[in-house]
Amino acid sequence: MRELVYTGFMSLDGVVDSPGGGPGEEHRSGGWVFKDLEFVPDAWSLKGEELADTTALMFGRRSYEAFAAVWPGSEDHADYKELPKYVVSTTLPDDALVDGWGPTTILRSTEDVAALKEGEGGAIFIHGSAELARRLSDAGLIDRYNLLVFPVLLGAGKSLFGRSDRDKHMLKLRESESYPNGILKLVYGVER
């Protein structure tokens with residue numbers, strides 16, 4: 001069974017909206033992971049550690065469209081270029097997939113994601129895609145959260161976790177670290 005991992009940047013109040021402030025990121029505080037915060041290289045080590053575990057990427061439609069416009073030609077994301085990619089969308093047409101960015105498959109339902117997880121292979125990492133992450137979490141399909149929590153309160157914005165009434169999901173802290181600039185690295189496994 002493949003592990004499905006959500007990885008992302010999150011404010012202390014749970015907002016994951018517009019961390020980099022790039023195209024398509026419309027939050028009024030977009031770019032909050034870089035602004036007004038001392039750069040501490042060790043705080044970003046999780047991103048390098050993840051690369052060794054990543055065998056495929058998964059996105060929702062909007063995140064796929066945003067990343068596909070930048071990542072294929074980005075030196076910072078060159079290691080992701082040939083990895084298989086999965087886009088979970090009921091609306092993205094097949095002809096909208098980007099050429100030259102590794103094999104890409106559109107999954108049309110949560111059931112398709114569950115079937116993918118049952119197959120052979122390593123960890124699949126979800127980048128961005130807050131709405132997809134909430135839906136997959138509610139369906140019990142996410143196995144791990146790799147989070148960098150930033151010392152900022154954003155109030156409004158897309159949240160990683162839904163606010164609807166649901167069954168409790170227990171998490172087990174696998175790893176944590178704090179950095180002098182206030183960033184926290186939190187790696188949680190979902191207990192089943």
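Q: Against which elements do the buried residues of α4 pack?
A: The model is predicted: local features need pLDDT of at least 70, side-chain atom pairs count only at pLDDT 80 or more, and totals for chains, interfaces and linings use all residues. Residues are numbered from 1 along each chain as its sequence is written, and side-chain values use heavy atoms, with hydrogens and water left out. Helices (H or I, at least four residues) and strands (E, at least two) are DSSP runs, numbered from the N terminus. The elements that the buried residues of α4 pack against are β1, β2, β3, α3 (110–118), β5 and β6.

Q: How wide is the arc covered by the buried residues of helix α4?
A: In α4 (residues 130–138), A130, L132, A133, L136 and S137 are buried (under 20% relative accessible area with a 1.4 Å probe, protein chains only; exposed is over 50%, partly exposed in between). The arc, taken from the directions from the helix axis to the C-beta atoms, places these residues on the same side of α4, because it spans only 155°.

Q: What phi does G140 take?
A: G140 comes just after α4. Its phi is positive, at about 75°.

Q: Which elements are included in what covers the buried residues of α2?
A: In helix α2 (residues 61–68), the buried residues are S63, Y64 and A68. They share the same side of α2, since their arc around the axis is only 120°. Their cover includes β2 (54–60), β3 (85–88), β4 (104–107) and β5 (123–127).

Q: Which residues is T104 in contact with, leaving aside its neighbours within four places in sequence?
A: T104 lies in strand β4 and is buried, with a relative accessible area of 18%. Its side chain reaches the backbone oxygen of G102 at 3.3 Å. With contact taken as heavy atoms within 4.5 Å, and those neighbours set aside, the residues are Y64, K85, V87 and L97.

Q: How far apart in space are I106 and L92, C-alpha to C-alpha?
A: I106 is also placed in strand β4, and a relative accessible area of 13% makes I106 buried. Not counting residues up to four places away in sequence, I106 touches V87, S89, L92, P93, D94 and L97. I106 and L92 are 14 residues apart in sequence, and their C-alpha distance is 7.8 Å.

Q: Is the pair of W32 and F150 stacked or edge-to-face?
A: The structure holds 14 aromatic pairs (Phe, Tyr or Trp rings, the six-membered one for Trp, with centres within 6.5 Å; planes under 30 degrees apart are stacked, over 60 edge-to-face, the rest tilted). The ring centres of W32 and F150 are 5.6 Å apart and the planes stand at 85°, so this pair is edge-to-face.

Q: How many residues apart are W32 and F150?
A: Both W32 and F150 are buried. W32 is in the loop between β1 (4–11) and α1 (45–53), and F150 is in strand β6 (residues 144–150). The pair thus links distant parts of the chain, at a separation of 118 residues.

Q: Which residues form one aromatic cluster with W71?
A: W71 counts as buried because its relative accessibility is 8%. The cluster consists of W71 together with F59, Y64, F67, Y80 and W101.

Q: How far is the charged end of K85 from the centre of the ring of W101?
A: A charge sits over a ring if NZ of Lys or CZ of Arg is within 6 Å of the ring centre and within 35 degrees of the ring normal. The charged end of K47 sits over the ring of F9, 5.2 Å from its centre. For K85 over the ring of W101, the distance is 4.8 Å.

Note on methods:
A polar contact is a pair of N or O atoms within 3.5 Å; within protein, one must be able to donate a hydrogen and the other to accept it, and residues adjacent in sequence count only if both atoms are side-chain atoms.
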